[in-house]
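Work through the exercises below with the model open. Each task is followed by a solution in steps.

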Amino acid sequence: MSCDFTRTVLHGYLDGELDASRAAEFERHLESCRECATALGAEESLRSSLHGASLYERAPVSLRKKIRADLDAATAVSVALRIPAWRWLGVAAAVLIVATFSWYAWPRVQNSAASAPFTAAEIIDAHVRSLQPGHLTDVASTDQHTVKPWFNGKLAFVPPVKDFADEGFPLVGGRLDVLGGQNVAALVYSRRKHLINVFVLPTKEPDTPIHPPGARQGYQWVHWRHQGMEFCAISDVSASDLHELAQLIYQ
Amino acid sequence: MSGSDQGKGSDVLDAQDRARFEQLVLPHLDAAFNLARWLLRSRADSEDVAQEAMLRAYRFFRGFHGGDARAWLLQIVRNTCYTWLEKNRPVELMTEFDEELHPQPSTSPEALAIAGDNRERLTRALETLPPRFREVLVLRELEGCSYKEIASITAIPIGTVMSALARARQRLQRALTHASPQEASREL
């Protein structure tokens, strides 16, 4: 009444998990066994209805956010534990020195660089440097309310920090960087598996719209000025993705 | 003695671990959620359990030495689901639920005629299967896992994956036939 093959080997055949010789053996068997032929047809139609019924359930965006917050918490706590208390004094002192130095350095640097305060090569270098292990973020957080205050006292301006996870550009974190000899804020966003650096520095130049993207060595960047700040976003994502993020920030 | 502490301290994670985790494991969040949803049969509970499983995965991340990140994550998700079921719905795990003896009230022909939907029908049929059968079907048909991956996720010997799937499919066919008598004539 029941063929042994129907109960097992048929499924290996259906799933493409039989080796070539066993598959050939089963195909020969199929020619003579009506039970297996019928069963295979039934299994194939079951499979196609399973595949056609959109049963796969994707994680909601809210869950993704909660998990990122968990990871931040788990990372931040362990980093804090590993750095002995006296070292924090050193960190604070360094930050103070950098902040003081940059306060005095701004005007001169601004004057010497009339239009673009940095070159394409410098942007690419800074982007590539950030992708090296451990260089991406000084403050790793998807929470704009964590990243924004982190810059307080480290720079003589307040970079606008916003998470765009709902729009497909989750905030990864921020760090201090140097671009064209200036201290700048770098905001890091991710787009699928790609990372985007957005460099922000103050400017005295008037506002400019988002320029058409520049490209070199497989990287694209866009540049604009808005409300006394200069922005440059760079990544290996497509130019249209980059433009989309630029528009989100511009608004 | 502090050396043994550090050896054990896989929970000391830095920004570099975080970036690697983001790149290797986080992309499989949908797979994690989908497996939890089918094992627990509830979206709300799955959110909690998938969140917990992801954090556990992160804590164990130093113990992941490359290879199939999805299978590694799903193994943790599955364990977290079973632990949750043991605690919150132990009856579900103890009884091998038999759809012939205990037809789901919601799968009456009337309810199905109202629902009328193929997705609804398949969902209910899948949910009547015991978790051990449900999980191999979800991994194979929805997640597209190979027998090898199924074996490593569910901790069953690779040689028995094929027969587990055979039995699971038979149960599902039966559940579907019982749920819609108009199709019963087709079988036997």
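**Exercise 1.** State how many residues each chain gives to the contact and how much area is buried.

Step 1. With contact taken as heavy atoms within 4.5 Å, 45 residues of chain B and 43 residues of chain A take part.

Step 2. The model is predicted: local features need pLDDT of at least 70 and side-chain atom pairs count only at pLDDT 80 or more, while totals for chains, interfaces and linings use all residues. Residues are numbered from 1 along each chain as written, chains are lettered from A and ligands numbered from 1 in the order written, and side-chain values use heavy atoms, without hydrogens and water.

Step 3. Between chain B and chain A about 4,300 Å² is buried, and carbon and sulfur atoms give 58% of that area. Buried area here is the accessible area (1.4 Å probe) that two parts lose on being put together, summed over both.

**Exercise 2.** Find the salt bridges across the interface and the elements on the side of chain B.

Step 1. The rule (a side-chain nitrogen of Lys or Arg within 4 Å of a carboxyl oxygen of Asp or Glu) finds 11 salt bridges between chain B and chain A. Over all chains the structure holds 29.

Step 2. One of the pairs is B:Arg119 with A:Glu57, at 3.5 Å from N to O.

Step 3. Elements giving two or more residues to the side of chain B that touches chain A include helix H8 (118-128), helix H9 (131-142) and helix H11 (161-179) of chain B. Helices are DSSP runs (H or I, at least four residues), numbered from the N terminus. H11(B) has the largest share, eight residues.

Step 4. By class, this side of chain B has 23 nonpolar (Ala, Val, Leu, Ile, Met, Phe, Trp, Tyr, Cys, Pro), 13 charged (Asp, Glu, Lys, Arg) and nine polar residues (the others, Gly among them).

**Exercise 3.** Which residues line the second largest cavity?

Step 1. On a 1 Å grid over the protein atoms alone, a cavity is a set of points where a 1.4 Å probe fits but cannot get out, and lining residues have an atom within 4 Å of a point.

Step 2. The lining consists of A:Leu14, A:Glu43, A:Leu46, A:Arg47, A:Leu50, B:Leu137, B:Glu141 and B:Arg169. H4(A) gives the most, four residues.

Step 3. B:Glu141 and A:Arg47 also meet in a salt bridge, 3.0 Å from N to O.

Technical notes:
1 Å grid on protein atoms, 1.4 Å probe; cavity = no way out; pocket = protein on both sides within 12 Å on 5 of 7 lines; lining within 4 Å.
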